[in-house]
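Thanks for passing this one along. Here are my notes, point by point, for you to read with the structure open.

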Amino acid sequence: KLFCEEVDVGEEQPRTIASGLREHIKQEDFEGRMVMVVLNLQPRKLAGFPSNGMVMAAKGGENDSIVELITPPASAKPGDRVKVASLETYAPVPKIKIKSNGNDQWSQVVPQLKTNDDCVCMFGDEPLLVNGEQLTVATLKNVQLS
């Protein structure tokens, strides 16, 4: 059910990431493309291997059966940071530990990640940006990102 990906995130070595996208995305549509990855999560062991990040996608349709990968702008390159114009970037970015009870920083962020009427990826009312350009999905409007 999982893909085990090696993702170039602009670091010395690619990150190994496990994602539950296998039943939704064809391998040939996934391999070699740019994606949005959350990196500041604590590593987790999934299906016997460590996962060091999360590939983000939009989910919609009946029972979230339609999944689309987030598309960074053409100017994006591995390692570029996703920003929201009104929020300052702090260095270093803290690692977020996911807890099963949902009482963590990530569970407070996720509800604010969605697409709008124009398929633009948003944090609240502001677009997610890379190099000042918006991240998008192909067709899913007003759905959750995760």
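**Notes on the predicted model**

1. Start with serine 51, which counts as buried because its relative accessibility is 5%, below the 20% cut-off. Keep in mind as you read that this is a predicted model. Serine 51 belongs to strand β5, the run covering residues 49-51.

2. What does the side chain of serine 51 reach? One partner is the backbone oxygen of glycine 53, at 3.3 Å. On another side of the story, a polar atom of the serine 51 side chain lies 2.9 Å from the backbone nitrogen of alanine 18. So that's two backbone atoms to look at when you zoom in on this side chain.3. Which residues does serine 51 contact once neighbours within four places in sequence are set aside? They are Thr16, Ile17, Ala18, Pro43, Arg44 and Leu46. Ile17 is worth following up, and the next point does that.

4. Isoleucine 17 is found in strand β2, residues 15-19. Is its position buried or exposed? Isoleucine 17 is buried, because its relative accessible area is 0%, and the limit for buried is under 20%.

5. The contacts of isoleucine 17, leaving out residues up to four places away in sequence, include Ser51, Asn52, Gly53, Met54 and Val55. Phe3, Cys4, Glu5 and Val7 are also among them, as are Val37 and Phe49. For a sense of distance, the C-alpha atoms of isoleucine 17 and leucine 39 are 9.7 Å apart, with the two residues 22 apart in sequence.

6. Now the second largest pocket, which holds about 460 Å³ of space. It is lined by 21 residues, and those closest to its centre are Ser19, Gly20, Met54, Val55 and Ser146. Strands β2, β4 (44-46), β6 (54-55) and β7 each give two or more residues to the lining. Sorted by class, that lining has 11 nonpolar, 8 polar and 2 charged residues.

7. Last, have a look at the hairpin made by β7 and β8, with 5 residues between the two strands. Strand β7 (residues 57-60) pairs with strand β8 (residues 66-69) in the antiparallel sense, over 4 bridges. If you want one pair to locate by eye, alanine 58 has glutamate 68 in β8 as its bridge partner. In the turn, glycine 61 has a positive phi of about 80 degrees.

Notes
Residues numbered from 1 in each chain as written. Predicted model: local features only at pLDDT ≥ 70, side-chain atom pairs only at ≥ 80, totals over all residues. Heavy atoms only, no water. Buried < 20%, exposed > 50% of the residue type's maximum accessible area, 1.4 Å probe, protein only. Polar contact = N/O pair within 3.5 Å; in protein donor to acceptor, adjacent residues only side chain to side chain. Contact = heavy atoms within 4.5 Å. Pairing = 2+ DSSP bridges. 1 Å grid on protein atoms, 1.4 Å probe; cavity = no way out; pocket = protein on both sides within 12 Å on 5 of 7 lines; lining within 4 Å. Points joined across faces, edges and corners; volume = space filled by probe spheres on them. Nonpolar A, V, L, I, M, F, W, Y, C, P; charged D, E, K, R; others polar.
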